[in-house]
Amino acid sequence: MTKKRKHQEDFQKVKLKVGKKKPKLENATDTTFKTKAIQIPEQLKEDGVLPTQNRKLNIKDLLSQMHHYSPGVKHNALLGLKDLLSQYPFVIDAHLSNVISEVAAVFTDKDSGVRGAAVHLLQFLASKIRAEQIAPFFPLVSAHLSSAMTHISEGIQEDSLKVLDVLLEAYPALLTDRSSILLKNFVELISHQQLSKRLKSREKLSWMLSVNPNRRVTSQQWRLNVLTRLKKFLQAVVDGSSEIEDEGLQEQKDSPHSVRNPVCISWKVHANNQQRIQLFENGGLRPKINSSFRLRSLASVMDSAEKGLSSAENLKGFIEIIIPLLIECWIEASPAQSAPILGNLLESESQQLMQQVLSIIHLLWKLTKRHDETYKMELWLRMNYLVDFKHHFMRHFPYSLQETVKQKKKDSCKGNKYCMTSSNSVDHLLLNLTLCDIMVSLASTSTLQMDSGWLDMIRKFVTDTLQDGSKLNSKQVNRLLGVTWRLMQIQQNKVATEPLIKAVYTLYQQRNLLFPVRTLLLKFFSRVYQKEDLRTQRIRSRSKVLSRWLAGLPQQLALLGLRNPELSNQLIDIIHSAASRSNKELLQSLQATAARIYDPLDGTLVLLPAEAQRRLVQLVYFLPCLPASLLACLSRCCIMGRMSSELAATLIGILHMRSSFAGWKCQVQDNSVNDVDYFSFLFSTLIGFSREELTSLQGIRGKPHISQTQLSPVRLYLTDLDQFLHHWAVTEMICHSLSTIPSQSQCFDILQTGICKYLVGLVVIPDSTAGSVLCAINKLLDQACILSENLNKFLASCCYSLLYFLLTLDKEDAEHVQKRDMLWGSCISALALLPRLLRLMLQSLQVSRICREELPVVAQLLRLLMQHGQLRSHMITNEFLVQQIIKDIMTLKSGEVQEQWLTDLHYCFNIYLASHPQGPGPINAVY
């Protein structure tokens, strides 16, 4: 190319030299930019060094090692996490999300050691993390669990069951919320779908049991492991249900949805308009709403798959899948397959598998009863499965266990503890009872003729088991009684039910029964009695066995005493229920045992807690007769203080209602409470002490138990404060009962006769007794009552002794200071109502007979009596006596310096008596 032609080219190529920067193009875009860092000091601040474990690795290091390719590193990381979190539990809350996600991710790890360490770490975390803490992360855990259960590797499937055990133990409610997915996983663990050409045209594909020879255990053992977890899962679903089952005597689980909060009503407070009771129209556990308006349920907007077994459609679908598989498992383990010669004898492993099969069916039956249309569901179950159940389940019924010894080589048996199999842990009776429970649920009164064959087999088995049931545990008895109750409901005639009740009674009569067993038997008999009592008189046919059981309850209560308060409470409830229904046999037995139950020393009434005492006191109302001996026991129970004063007041009120003075319009039962015995009870309870106790008090002398004065022949025995307050509260109820008797004058005469016969002449009187007598006199006294001279003198002596005790009481003596208001009020009221009583007391104040230390007390008493407004007119009437007493005091104090108390006495006399003021003044005594 020539030089001229080179310059003529339109596009020239720029030659670039090595090491030189490429020149920028004319149309190049400038892409440079500047940035500045934003620093937030609070976010950059660290809390110091994170805690580490013994290998000096913190939580972040250990979590990062969880992603390592080496199984050994991941295994050591899991062990390190457990060690670190056990030493520093607070780290769990700070890194909960990361820990849960990393642990759940290794559920499907290829290495068995890593999976085992993950299970142990999960078990440790479950004990530290509450359900509400793990709830936000539980969908992730559930997803990894489902992945492990459906994994192609047999080892991962086996370890997934261990994870399931941990989650079922710690978080059953969270796990059952995802029942629709997990139930399908359970089915796929033991079966697979049939995909033959014959079944492709059907809408629903059937399932058949699968056999995998690559597993470390036999197919039967693998199915047993899966079915055991399925049973636990279904049990968690049943326990979490909000409905309460009503199925014989099945145990009801405590659930926050099924707690009833009773309304505690105090009728005394309610009567005074201090408590309001709010009633709701549609209250109760299952409210019935009559309105046609309905709010849309949250469950209705959920997908049927999300509802799980709470949907009737889903439950039916699962039953259709699992029942055929369970029947196949039963056929494989049944004695006809294993050893036809043995008949109904089972090996241990076969029995365990059959037990799990029946337990799963039993739990599914429970779930079917939680839906609205229970009757239709029962018909559907009977129509689809009764034939198969009779053919396979009842074929060799009842089943028993065969004890086997596995023969091994001598070398292998030496030192091998597994060469013999023990059957002690296998409960073959529970297998038979579960089968009975399932079968009787499919029977009804309308199908009795068709089912009579296998029902007779079950009835015979139940009867024989009950009659020889001394070694039964509570779980077995619970199932047994549930089946018995269902059999009695199916066939309700006496010919069929009486042998069953007799068999239960045979078990009830066994000695040394466990407390849960005894409780279940009591509940069963109580329910049978209530059911029988609801029948009309025309069709009622009283069971002789049931009557014999009821008649023995009071004697059992008396013999039981304090050995088992819970059992005593159950007996009392049943006795109360039967007594309120006027059961003749029970009332006769209760009448015969009443003296032992209400014995004041060691009777059931004084031994049991307060609530049981209340129920026993209420039983007094139902006793046919209340003889004098029983009333004497009840009086001692009231005054001994071994039951509360409120309960004693309740007992007194019940006896008043049983007496002829209650004002009944209808005729009271003849000879229920004799009037003489009733007055004897009231007087004995009013006194508060028995004749023997009063006699023993006469020998007590001196302080601190005796308060005495030289001016009164009555010395006071100072009771304890608790005894005094109890006696005073009982006295108020006695006075109320006495005041309601129509003829007050006759009632007063009886009281006067009793006081003169049993109290007048005693030297030592308890302070509570003296106050109670004065209180009763004040309550009953009217214009028609005439007091004898002996009673006047006795009451005057009691008044002065009480007043002297109150005036000489040390203010620091807190125990007796609390008695002051009650005793002072009784004395002043008696003196105000009975002028003769005041005059006799003033006449007894002969100061010449007392020592000088008692003179200030007498002066203070006179001054307080003169100042009291209610006694002013009576004191003016007795002005001469008061003046004479003051002169006697002045004579004794003559020649001495006049003290302040004497000056005050003169002043009060001159103010209140010497000037003769008209009418009572408003001044009351303040001491």
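This is a short talk on one sheet and one helix pair in a predicted model.

Let's start with the sheet. Three strands make it up, and it is open. The order runs E5-E6-E7, and the pairing is mixed. Which strands stand at the edges? Strand E5, residues 706-707, and strand E7, residues 764-766. Each has a single partner strand, so one side of each has no neighbour in the sheet.

Now the E5 to E6 pairing. Strand E6 covers residues 715-717. E5 and E6 pair in the antiparallel sense, over 2 bridges. Take Ile 706: the bridge partner in E6 is Tyr 717.

Next, what lies across this sheet. Helix H38, residues 767-780, lies across E6 and E7. Against E7, H38 runs at about 75 degrees. Helix H39, residues 789-807, lies across E5, E6 and E7. Against E6, H39 runs at about 65 degrees.

On to the helix pair. This is H25, residues 494-508, with H26, residues 515-533. Their axes come within 10 Å. They cross at roughly 150 degrees. What is the hand of the crossing where H25 passes H26? Left-handed.

Which residues meet there? From H25, we have Ile 501, Val 504, Tyr 505, Leu 507 and Tyr 508. From H26, we have Arg 518, Leu 521, Leu 522, Phe 524, Phe 525 and Val 528. By class, the contact has 10 nonpolar residues, no polar ones and 1 charged.

To recap: an open sheet of 3 strands, H38 across E6 and E7, H39 across E5, E6 and E7, and a left-handed crossing of H25 and H26.

How values were computed. Residues numbered from 1 in each chain as written. Predicted model: local features only at pLDDT ≥ 70, side-chain atom pairs only at ≥ 80, totals over all residues. Heavy atoms only, no water. Pairing = 2+ DSSP bridges. Helix = DSSP H or I, 4+ residues; strand = E, 2+ residues; numbered from the N terminus. Contact = heavy atoms within 4.5 Å. Axes fitted to C-alpha atoms, helices over the stretch in contact; angles between N-to-C directions. Left-handed = near helix turned anticlockwise from the far one by under 90°. Nonpolar A, V, L, I, M, F, W, Y, C, P; charged D, E, K, R; others polar.
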